[in-house]
Structures are given as structure tokens and as C-alpha cells.
Amino acid sequence: MYLASLSCILSGSHIDSVPNGGHFDGLLGVLSSLEVVEAWKATGYRPQRPFEVVIFSDEEGARFNNGLTGSRAMVNDIDMNIEV
């Protein structure tokens with residue numbers, strides 16, 4: 001039974017990396033989350049609560065030297081009026 005009133009489960013990670021971060025730094029979390037959804041679809045399973053896959057960028061701060069950009073944007077913790 002699907003209960004939309006239950007809190008959503010978020011699963012995923014980031015797609016950026018840093019030097020020496022490893023070949024699958026972040027990406028494995030994204031792929032694993034997508035695989036869960038594919039397996040559920042193949043077996044007809046439907047979770048009782050909403051499930052969303054999240055894929056963030058610039059979590060490591062490699063691009064804007066700040067980090068956690070996707071996560072911070074998701075919780076409305078970014079000043080959109082700054083100059084880049």
C-alpha cells in the first residue's frame with residue numbers, strides 16, 4: 001500500500017569528483033540508487049513511501065571552490081544574488 005503522506009526517501013550522490021577521489025567517487029551512489037529503482041520496476045515492487053533519486057553536482061567544490069552546491073540549493077541555503 002502506497003502512503004503518499006509518508007516522508008520521502010532520497011537516495012543518490014554527486015557526479016563530480018576531485019583529484020585522487022577515486023574512479024567511482026560519488027557516481028557509485030547515483031548508479032546504485034538508479035539500480036534500486038530499475039530492480040523495483042522489474043519485479044513490480046512499489047515502496048510504501050515516495051522514493052526519489054537525487055544527483056548533485058559541485059558537491060566537492062571543484063568548480064566554484066565552495067562545495068555542497070547541490071545539497072545547499074535543495075534546502076534553499078544558497079544566495080542566488082552572488083557574482084560568480
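Guide: Helices (H or I, at least four residues) and strands (E, at least two) are DSSP runs, numbered from the N terminus. By that count the protein has 2 helices and 2 strands, and from the N terminus on they run β-α-β-α. This is a predicted model in which local features need pLDDT of at least 70 and side-chain atom pairs count only at pLDDT 80 or more, while totals for chains, interfaces and linings use all residues. Residues are numbered from 1 along each chain as its sequence is written, and side-chain values use heavy atoms, with hydrogens and water left out.

Visitor: Where does serine 7 lie, and why is serine 7 called exposed?

Guide: Serine 7 lies in the segment before S1. Buried means under 20% relative accessible area, exposed over 50%, and partly exposed in between (1.4 Å probe, protein chains only). Serine 7 has a relative accessibility of 52%, so it counts as exposed.

Visitor: Which residues is serine 7 in contact with, leaving aside its neighbours within four places in sequence?

Guide: Contact means heavy atoms within 4.5 Å. Under that rule, and with the neighbours within four places set aside, serine 7 is in contact with Arg49 and Pro50. Serine 7 and arginine 49 are 42 residues apart in sequence, and their C-alpha atoms are 6.7 Å apart in space. For the protein, residues 24 or more positions apart account for 53% of the contacts with a separation of 6 or more.

Visitor: What makes the side chain of serine 13 a partner of glycine 26?

Guide: A polar contact is a pair of N or O atoms within 3.5 Å; within protein, one must be able to donate a hydrogen and the other to accept it, and residues adjacent in sequence count only if both atoms are side-chain atoms. The side chain of serine 13 reaches the backbone oxygen of glycine 26 at 3.3 Å. Serine 13 is found in strand S1 (residues 9-14). Beyond four places in sequence, its contacts include Gly26, Val54 and Phe56.

Visitor: How do you know that H1 is close to its expected span?

Guide: The expected span of a helix is 1.5 Å times one less than its number of residues. H1 has 17 residues and reaches 24 Å from its first C-alpha to its last, close to the 24 Å expected. Just after H1, glycine 44 takes a positive phi of about 80 degrees.

Visitor: Which residues form the nonpolar patch on the surface?

Guide: Patches are made of residues with over 30% relative accessible area and no salt bridge (a side-chain nitrogen of Lys or Arg within 4 Å of a carboxyl oxygen of Asp or Glu). Like charges are joined within 9 Å, and nonpolar side chains (Val, Leu, Ile, Met, Phe, Trp, Tyr) within 5 Å. Ile15, Leu27, Leu31, Leu34 and Ile55 form this patch, with about 430 Å² of accessible area together, by the Shrake-Rupley method with a 1.4 Å probe, where for residues only the protein chains shown count as cover. Helix H1 (residues 27-43) gives the most, with 3 residues.

Visitor: Why is leucine 31 called partly exposed?

Guide: Leucine 31 lies in helix H1. Its relative accessible area is 45%, so it counts as partly exposed. Isoleucine 55, in strand S2 (residues 51-56), is partly exposed, with a relative accessible area of 45%.

Visitor: Why does asparagine 76 count as exposed?

Guide: Asparagine 76 has 70% relative accessibility and therefore counts as exposed. Asparagine 76 lies in the segment after helix H2 (69-74) and has a positive phi of about 60 degrees although it is not a glycine.
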